[in-house]
Each structure stands twice: as C-alpha cells, then as structure tokens.
Amino acid sequence: MSEERELLRQTVAALVEKHASPEAVRAAMESEPGYDVRLWRLLCEQVGAAALVVPEELGGAGGELSDSAVVLEELGKALVPTPLLGTTLAELALLAVDETGPLEGLAEGTSIGTVVFDPEYVINGDIADVMLATDGEKLSRWTAFLAQPKVTMDLTRRLSSVSAAESATLGTDPGLADTAALLMAVEQIGAASRCLDLTVAYTKDRVQFGRPIGSFQALKHRMADLYVKVASARAVVYDSIADPTPSGAALARYFASEALSAVAAEAVQMHGGIAITWEHDIQLYFKRAHGSAQLLGPPREQLRRLEAEVF
C-alpha cells in the first residue's frame with residue numbers, strides 16, 4: 001500500500017474509532033436515514049470519501065478505485081452504515097457516460113447516489129437523490145421513482161425496492177456489476193478481519209477449566225485457518241481491484257463471501273450462545289455475512305461465471 005493510501009486508511013480508521021462505536025452503529029442503523037449524517041459529513045469534508053473517484057477538474061480528488069476500496073474496508077470493519085458504496089457506483093456510472101451534471105453534489109456528499117441492479121434490493125434506494133439503473137447493457141437515469149424500504153436481516157445495510165416513474169437512457173453500461181462486486185468484496189474483507197479480531201480477543205478472555213479457551217490447541221488451529229482464509233481473500237480482492245477484469249471481480253466476490261461467511265460462522269461457535277443475542281455485536285457480523293453474500297450475485301453465481309470461462 002502506498003504511503004498516501006496508508007495515511008488515508010489511518011484517517012478513516014481514526015474517524016471510525018471516534019464516531020462509530022458499536023453503540024453509535026446501532027443508533028445509526030435504527031435512525032430515519034439509516035446512517036449517521038454527522039459522520040457522513042465528516043467523511044466527506046475531512047477525507048473527501050465521496051470525491052475520491054471523481055477527477056479533479058470536476059471537483060473531485062482525482063483518485064482511483066483502490067482509494068475508495070481502502071475507505072470501504074475500514075468502514076466495513078465496524079459495519080458503519082454510510083451511503084458511500086452506492087454513491088461511488090453512481091459517480092463511476094456518470095463518468096462512464098460523460099454525464100457530469102450531478103457529480104458536484106455527489107462528490108461533496110450533499111447528494112446521495114445509487115445504481116439499480118435488481119429493483120427489489122437497492123442500496124441507498126430510499127435516500128438516493130441520483131438514481132441510475134442498468135440492465136447489463138444499457139445505463140439509464142431514473143429522474144422520478146418510487147422507493148419502498150425492505151425488511152431485511154442485515155440492519156446495518158438499508159435496502160429498498162424501487163420502481164421508475166420516469167427514466168432516460170444515458171449510454172452503454174461500462175461493467176458496473178463487476179465494479180460493484182469488487183467494492184462489495186472489499187467491504188466483506190473488512191468485516192471478516194474485524195470479526196476475526198473480536199473472536200480472537202474473546203478466546204483470550206473466556207476461561208474454561210481454569211484456562212483461556214484460546215489456549216486450547218483445537219481452537220488455535222481453527223483461528224489460524226481463518227486468518228489464512230481472510231488474508232488470502234484480501235490478496236485476491238486487492239489484486240483484482242488493481243487490475244479489474246470480469247473474472248477478477250467474480251473471483252474476488254467468491255473469496256470474500258466465503259471468507260466472511262466462514263469467519264462469522266466460527267465466531268458464533270466460539271462465542272457460544274451469547275453470540276446470537278441482540279446485545280452482542282457478533283450477530284451483526286453474522287447477518288452482514290449472509291446478507292452481503294446474497295446481494296449483487298451469490299457465490300454460486302460467481303462460480304458459474306468462472307466456470308463459463310474455463311469450459
């Protein structure tokens with residue numbers, strides 16, 4: 001990681017530590033907009049999180065997809081609800097078709113964006129000002145639409161069903177589903193790494209038979225296996241982001257989904273019954289793991305895409 005990206009990571013991590021405690025995350029997910037408006041403003045003003053992929057001449061930071069990935073990974077670690085994922089995708093969509101009008105508001109964070117891949121489950125659907133949609137070939141902008149919040153298992157990611165009242169075709173889809181897969185994957189890696197950290201810390205404190213359970217050889221092996229799974233998945237994800245391809249996006253999503261699901265499942269087992277109580281945070285990671293795995297294409301769909309390139 002470059003020195004600039006490491007500084008970016010540290011800055012976001014500091015903001016998350018100060019403003020996104022587990023209690024703050026719960027308050028944000030239960031709020032009317034579904035995210036902490038104050039933290040979002042800080043991320044936009046102090047970090048320029050919403051401006052990273054927008055060129056400087058259009059009011060942005062002139063960064064790359066890897067810069068947004070660094071921010072999303074840090075937010076993913078604490079399951080911080082923000083509009084960043086949908087807004088970043090909307091910006092990339094607008095840039096691809098040279099529709100620059102809405103970019104200023106999106107880059108400033110005063111407007112919220114999203115891209116519709118499946119109208120039944122849309123990120124930022126009920127709070128978006130700028131809504132774009134793709135059918136895999138053509139990109140359109142929905143200038144008037146109806147949104148209905150969905151009841152979902154993962155409360156840290158608000159989803160809505162949407163329908164267009166008015167729309168206009170903008171141009172050719174530049175492969176937004178693959179970009180979304182990469183950014184979702186990096187979020188999953190962040191959540192997996194923090195979930196594993198929380199589990200390791202718990203096994204050092206939880207005592208049975210006069211010893212911390214983390215000292216038992218069987219649990220050491222299981223946690224070591226999880227560490228390798230997360231580290232290898234993270235390497236795949238960032239390699240794919242550095243050189244994006246359709247097969248790389250499918251590979252990244254598959255490895256990230258499998259890593260987070262495995263870590264969350266083991267975290268529940270190692271924490272015991274407390275892990276599935278509302279008061280404990282592990283249940284939030286468990287729900288994020290299963291919710292994210294099904295959003296924008298489940299692992300089996302990614303495998304089919306990879307198989308199609310081989311056979």
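This passage describes the nonpolar cores, helix packing, salt bridges and unusual backbone angles of one predicted model.

Residues are numbered from 1 along each chain as its sequence is written, and side-chain values rest on heavy atoms, with hydrogens and water left out. Because the model is predicted, local features need pLDDT of at least 70 and side-chain atom pairs count only at pLDDT 80 or more, while totals for chains, interfaces and linings use all residues.

A good place to begin is the interior. In soluble globular proteins, nonpolar side chains tend to be buried together. A nonpolar core is taken here as a set of buried Ala, Val, Leu, Ile, Met, Phe, Trp, Tyr and Cys residues joined through side-chain atoms within 4.5 Å. Buried stands for under 20% relative accessible area, exposed for over 50%, and partly exposed for values in between (1.4 Å probe, protein chains only). The largest nonpolar core holds 61 residues, and V12, L43, V71, L75, L132 and V237 are those that touch the most other members. Helix α7 (residues 176–205) supplies the largest share of this core, with nine residues. Helices (H or I, at least four residues) and strands (E, at least two) are DSSP runs, numbered from the N terminus. When neighbours within four places in sequence are set aside, V12 is in contact with L43, V47, V71, E74 and L75, contact being heavy atoms within 4.5 Å. A second core, separate from the largest one, has 18 residues, among them A191, A192, C195 and L284.

Helix packing comes next. Two packed helices are described by the angle between their axes and the distance between the axes. Axes are lines fitted to C-alpha atoms, for helices over the stretch in contact, and angles run from 0 to 180 degrees between N-to-C directions. The axes of α7 and helix α8 (residues 217–242) come within 10 Å and cross at roughly 160°. The two helices α7 and α8 are therefore roughly antiparallel to each other; angles under 35 degrees count as roughly parallel, over 145 as roughly antiparallel, 65 to 115 as roughly perpendicular and the rest as oblique. The crossing of α7 with α8 is left-handed, a term used if the near helix is turned anticlockwise from the far one by less than a right angle, with right-handed used if clockwise. On the α7 side the contact includes L182, A185, V186, I189 and A192, and on the α8 side it includes M223, L226, Y227, V230 and V237. V237 thus appears here again, having been listed among the residues that touch the most other members of the largest core.

A second helix pair is formed by α9 (residues 246–271) and α10 (residues 282–294), which pack at an angle of about 150° with their axes 9 Å apart. This angle makes α9 roughly antiparallel to α10. The α9 and α10 crossing is left-handed. Residues making the contact include R253, S257, L260 and H271 of α9, together with I282, Y285, F286 and R288 of α10.

Turning to charged side chains, the count of salt bridges comes to 14, where a salt bridge is a side-chain nitrogen of Lys or Arg within 4 Å of a carboxyl oxygen of Asp or Glu. R9 pairs with E6, their closest N and O atoms being 2.8 Å apart. These two residues are three apart in helix α1 (residues 3–19), which separates R9 and E6 by about one helical turn. Both are partly exposed, R9 at a relative accessible area of 22% and E6 at 26%. K77 forms a salt bridge with E74, with closest N and O atoms 2.9 Å apart, and this pair is likewise three residues apart, in helix α4 (residues 65–77). Here both partners are buried, K77 at 16% and E74 at 5%. R158 and D126 form a further salt bridge, with closest N and O atoms 3.6 Å apart. R158 lies in the loop between β4 (138–149) and β5 (159–172) and D126 in the loop between β2 (122–123) and β3 (130–134), so the pair ties together parts that are 32 residues apart in sequence. R158 is partly exposed at 24%, as is D126 at 27%. Salt bridges that share partners join E6, R9, E74 and K77 into one network.

Finally, the backbone deserves a look. Most residues other than glycine have a negative phi, and most peptide bonds are trans. L79 has a positive phi near 60°; L79 is found in the loop between α4 and α5 (84–96) and is buried, with a relative accessible area of 2%. D98 also has a positive phi, of about 60°. D98 lies in the loop between α5 and α6 (103–108) and counts as exposed, at 63% relative accessibility.
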